[in-house]
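I opened the notebook on this model to look up a charged pair and the ligand site. My entries follow.

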Amino acid sequence: MTSAPPFEPTVERNPHPRTAGELDAILADPGFGNHFTDHMFLAKWTPDEGWAYPRIVPYGPLSLDPATAVLHYAQEVFEGLKAYAHDDGSTWLFRPEANAERMQRSSHRLALPELPTEWFIGSIRSLLEVDGRWVPRGEERSLYLRPFMFASERFLGVRPAQHVTYGLIASPAGAYFPSGVKPVSIWLSTEFNRAGPGGTGAAKCGGNYASSLLPQQEATEHGCAQVAFLDAAEHKWVEELGGMNLYFVHADGSIVTPSLSGSILEGITRDSIIALARDLGHDVVERRVSIDEWREGTADGSITEVFACGTAAVVTPVKSLKWDGGEAVAADGEAGKVTMDLRSALVDIQYGRAADRHNWMTRVLGP
Ligand SMILES: *Cc1c(COP(=O)(O)O)cnc(C)c1O
């Protein structure tokens with residue numbers, strides 16, 4: 001990338017923003033991904049101009065030509081992060097530069113242009129400046145931010161698009177576990193893979209999600225909340241869930257997470273848990289974990305806790321692994337102590353209740 005073009009967004013105010021009463025009704029029970037704020041951010045890229053036309057506009061539908069490349073070839077990447085309200089009324093982001101850099105790596109893999117970090121964080125700041133009243137206050141509530149980028153060129157030939165759109169939308173989110181953290185069951189997909197060697201598994205792209213939907217449906221049919229994927233080459237090594245990374249707590253206190261294989265998404269929560277677990281005195285090991293180790297370790301007690309992590313659900317205890325003809329239950333099936341301690345350590349930093357020793361937080365709105 002050459003030096004970043006200046007970031008000076010224009011602002012077109014929504015003439016019909018939600019009234020205070022409408023907003024209160026939404027924030028009373030936002031759920032996840034149901035409601036969107038009054039505005040959105042857009043910018044476009046062409047080879048001649050680079051990134052240009054940064055703008056805040058009223059939230060609303062995009063008009064796309066039926067021949068828009070993304071609709072045919074899925075040249076698209078996205079990100080997910082949250083804005084957190086602190087008790088003093090300020091609003092903060094958690095490691096936004098890590099999301100910006102991951103989006104750049106995802107874009108590279110999908111042959112999309114890289115959005116400069118200043119633009120990525122600038123887009124969030126400028127959206128929050130107009131829609132700051134949408135950040136929900138209260139326990140484990142947040143404003144979920146969804147940056148995304150797609151091939152917006154009207155062209156059916158197969159090559160990287162010469163017209164690309166970057167957008168940012170925001171959606172208030174309630175607590176993921178409104179009535180207390182509950183351990184989930186995971187379905188082991190033996191028929192399908194999420195990603196293969198040299199594929200797009202390490203990129204956060206919509207295509208990975210498209211291919212995980214059928215196995216996810218299978219998981220739901222078997223009463224499981226999520227699906228676990230194995231590596232595509234040997235069908236032996238544990239990779240991750242459809243949208244969360246995995247952790248195994250051992251009886252000796254050590255914590256193991258599958259090493260980044262090229263087909264595992266580098267979760268920012270995953271990375272943060274490594275640091276926090278070390279802070280709490282655990283030995284953390286990144287290595288390959290076989291599916292037999294998972295099954296046998298939970299059976300013989302050498303694995304005492306299993307959990308999954310990602311921005312949306314933070315840290316989710318895993319009760320059991322199910323497959324065609326069997327089930328492996330971790331410990332007694334309750335949320336484990338190490339899992340819950342790590343979860344608290346992370347959310348306490350995000351909500352400003354614990355010292356930010358790793359300098360992870362960025363303030364975006366004052367009190
Ligand atoms: C986004 C995502 C994760 C979690 O990443 P975080 O940065 O922790 O939110 C894990 N796996 C997949 C496939 C993902 O898309």
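I looked up the contact between Arg343 and Glu140 in this predicted model. Their side chains form a salt bridge, with 2.8 Å from N to O. I then checked where the two residues sit: Arg343 is in helix α8 (residues 337–350), and Glu140 is in the loop between α4 (117–131) and β7 (142–151), so the salt bridge ties together parts that are 203 residues apart in sequence. My note on the principle: side chains of opposite charge can pair when their charged atoms come close. I searched the whole structure for salt bridges and got 16.

Next I turned to the ligand. Which residues are closest to the ligand? I listed 15 residues around the ligand, the closest being Lys204, Tyr209, Glu240, Thr269 and Thr311. By class, I sorted this shell into four nonpolar, seven polar and four charged residues.

I went through polar contacts one at a time. For Tyr209, I found a polar side-chain atom 2.5 Å from an oxygen atom of the ligand. For Glu240, an N or O atom of the side chain is 2.5 Å from a nitrogen atom of the ligand. For Thr311, I noted 2.6 Å between an N or O atom of the side chain and an oxygen atom of the ligand.

Last, I looked up cover: on its own the ligand has 380 Å² of accessible area, and the protein covers 97% of that. I also checked the pockets, and the ligand takes up the space of the largest pocket.

How values were computed: Residues are numbered from 1 along each chain as its sequence is written. This is a predicted model: local features need pLDDT of at least 70, side-chain atom pairs count only at pLDDT 80 or more; totals for chains, interfaces and linings use all residues. Side-chain values use heavy atoms; hydrogens and water are left out. A residue is near a molecule or strand if one of its heavy atoms lies within 4 Å of it. A polar contact is a pair of N or O atoms within 3.5 Å; within protein, one must be able to donate a hydrogen and the other to accept it, and residues adjacent in sequence count only if both atoms are side-chain atoms. Accessible areas come from the Shrake-Rupley method with a 1.4 Å probe; for residues, only the protein chains shown count as cover. On a 1 Å grid over the protein atoms alone, a cavity is a set of points where a 1.4 Å probe fits but cannot get out, and a pocket is an open set with protein on both sides within 12 Å along at least five of seven lines; lining residues have an atom within 4 Å of a point. A molecule sits in a cavity or pocket if more than half of its atoms lie within 2 Å of its grid points. Ala, Val, Leu, Ile, Met, Phe, Trp, Tyr, Cys and Pro count as nonpolar, Asp, Glu, Lys and Arg as charged, and the others, Gly among them, as polar. A salt bridge is a side-chain nitrogen of Lys or Arg within 4 Å of a carboxyl oxygen of Asp or Glu. Helices (H or I, at least four residues) and strands (E, at least two) are DSSP runs, numbered from the N terminus.
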